[in-house]
Amino acid sequence: MPLSRLVTLIVGLIVILGLTLWLIDSLTRLYWQLSYSPLLGNLLLLLLIILIGGLVGGFIYYVFILQSGEQQRRSPRRVTAAQIPAAKSDAASSTLNAVRQQVAQIQDEVTRQALLSRTREIETNLARGEIQVIVFGTGSAGKSSLVNAIMGRMVGRVDAPMGTTQVGETYCLRLKGLERKILITDTPGILEAGVAGTEREQLARALATEADLLLFVVDNDLRRSEYEPLKGLAEIGKRSLLVLNKTDLYTEEDKETILAKLRQRVGDFIAFNDVVAIAANPQPAQLETGEIFQPEPDIIPLLRRMASVLRAEGEDLVADNILLQSLRLGEEARKLIDAQRRRQADKIVERFQWIGAGVVSVTPLPVVDLLATAAVNAQMVVEIGRVYGCELNMERGRELALSLGKTIAGLGIVKGAIELFSTALQLHVATFIIGRAIQGVTAAYLTRIAGKSFIEYFRHDQDWGDGGMTEVVQQQFQINRKDEFIKVFVKEAIAKVVKPLTDTLEEREGEQRQSK
């Protein structure tokens, strides 16, 4: 019972007792005065009993019923641990269904099967519901010693050199009061030297991203190389405990100083109570008798915090992690599909840029017509849209092409492209075809910019973004005007535009000479 209600009850009972005594005394005297009428005396006695009973009953009703109901109305209704994971599990299942639909669109068989396999793994974890605790940190921080101490038996080498844990080693334990099994995984150390060390670190980071609860082990103040991965894992939603190990090597004052620094550095993403100090494998000490004394591991603060977190948040941690993995897998599938579509769309742009170049170089047109017919092609827009699941008719394609063509002309890109290729082609093209070559290559270039701009438009669900069409076109122009690209583009243009044009004109001149 709350203290406030207990005090109210005691005070109320004292008041009721006092009032009862006063009523009894007053009514007793009145009863003797009415002794000449027994009926009135009995009625008065009954009235006294009713008053006392009503007073006591009213007080009890107020203390135990009204106040309890008021407190329930004021207190927010708590959602049980079973309700929250159920909603999140449903969300994870829905996300996995969406991922499967995305994966079905991936053309590469190996990639598609790999993603489907990971989807099945997440579904298995969702059904099994084990709590995955990952021990993460540098190789020298004492991760294996911590796992040994937690398990209460030797499960790995103690005092092992950096690099001993080659793969993630997992052990199972039960926690009283928690139905789920707890799987503790000792990961390879991070920040190790060499190619093998880098590969082990990548494995450790991958395992850490799958953790329900992360134990990040350090043996001193955080270095930047440790702080960044810890913060990165917190930013993607990993619940973490920061564990200061090897405290037996420090004085009590130094230990408290390091703890204070750690809590200050990670205060933005790790709670004060989630930074704990332990000594997983204390150093042996020599007694005065000459005997060697091996202290017991001091990991009680960590065990208590782990137990508290897992009992209070275990269900949520599992559900959150499964949902997070589902979302990350969905994002990975989306990126793969985006890359696949981009490759297909790039082939369309490349095909149309040289088609347009060939048409314009054979039949030279004024600059404005060049822009309207070659640089922006309605059929190209329709085909790019189809790659991104947008079915456009030719009329809509022409509208989009004309709109973007006006933007290109208004930005002066046509003039800039002509000047760019006039200089680039001077040394490679014969004088008698230079004009047609410049127009043809410029048409190809403008078609490319238009096509690349439309790829961005369809990639973002037919949205030009905050900067509108103008910003997208300018970005593509800047990307496609770099010297390295222009050199490659001109070389390809000479092979696909200039050489066929030269051959065609030479054949015509030969035919004319023969006819004469």
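**Exercise 1. Find which way S1 and S4 pair, and over how many bridges.**

Solution. Bear in mind that this is a predicted model.
- Step 1: Put strands S1 and S4 side by side; they pair in the parallel sense, over five bridges.
- Step 2: Pick out one residue to check this by eye. Ile 134 has Leu 214 as its bridge partner in S4.

**Exercise 2. Now look at S4 and S5: how many bridges join them, and what unit do they make with helix H7?**

Solution.
- Step 1: S4 also pairs with strand S5 (residues 239-244), with six bridges in the parallel sense.
- Step 2: For a spot to look at, Val 218 sits opposite Leu 244 in S5.
- Step 3: Add helix H7 (residues 224-235), and you've got a right-handed β-α-β unit made of S4, H7 and S5.

**Exercise 3. Are the residues of S4 buried or exposed?**

Solution.
- Step 1: Here "buried" means under 20% relative accessible area.
- Step 2: Go through residues 213-218, and six of the six turn out to be buried.
- Step 3: Sort them by direction. Leu 213, Leu 215 and Val 217 point one way, while Leu 214, Phe 216 and Val 218 point the other way. Both sets are buried.

**Exercise 4. Describe the largest pocket and its lining.**

Solution.
- Step 1: Start with the space inside, which is about 590 Å³.
- Step 2: Go to the lining, made of 24 residues; Glu 121, Ile 122, Asn 125, Glu 210 and Gln 325 lie nearest the centre.
- Step 3: Ask which element gives the most: that's H9, with seven residues.
- Step 4: Split the lining by type, and you get eight nonpolar, eight polar and eight charged residues.

Note on methods: Residues numbered from 1 in each chain as written. Predicted model: local features only at pLDDT ≥ 70, side-chain atom pairs only at ≥ 80, totals over all residues. Heavy atoms only, no water. 1 Å grid on protein atoms, 1.4 Å probe; cavity = no way out; pocket = protein on both sides within 12 Å on 5 of 7 lines; lining within 4 Å. Points joined across faces, edges and corners; volume = space filled by probe spheres on them. Helix = DSSP H or I, 4+ residues; strand = E, 2+ residues; numbered from the N terminus. Nonpolar A, V, L, I, M, F, W, Y, C, P; charged D, E, K, R; others polar. Buried < 20%, exposed > 50% of the residue type's maximum accessible area, 1.4 Å probe, protein only. Pairing = 2+ DSSP bridges. Right-handed = clockwise from strand over helix to strand, strands pointing away.
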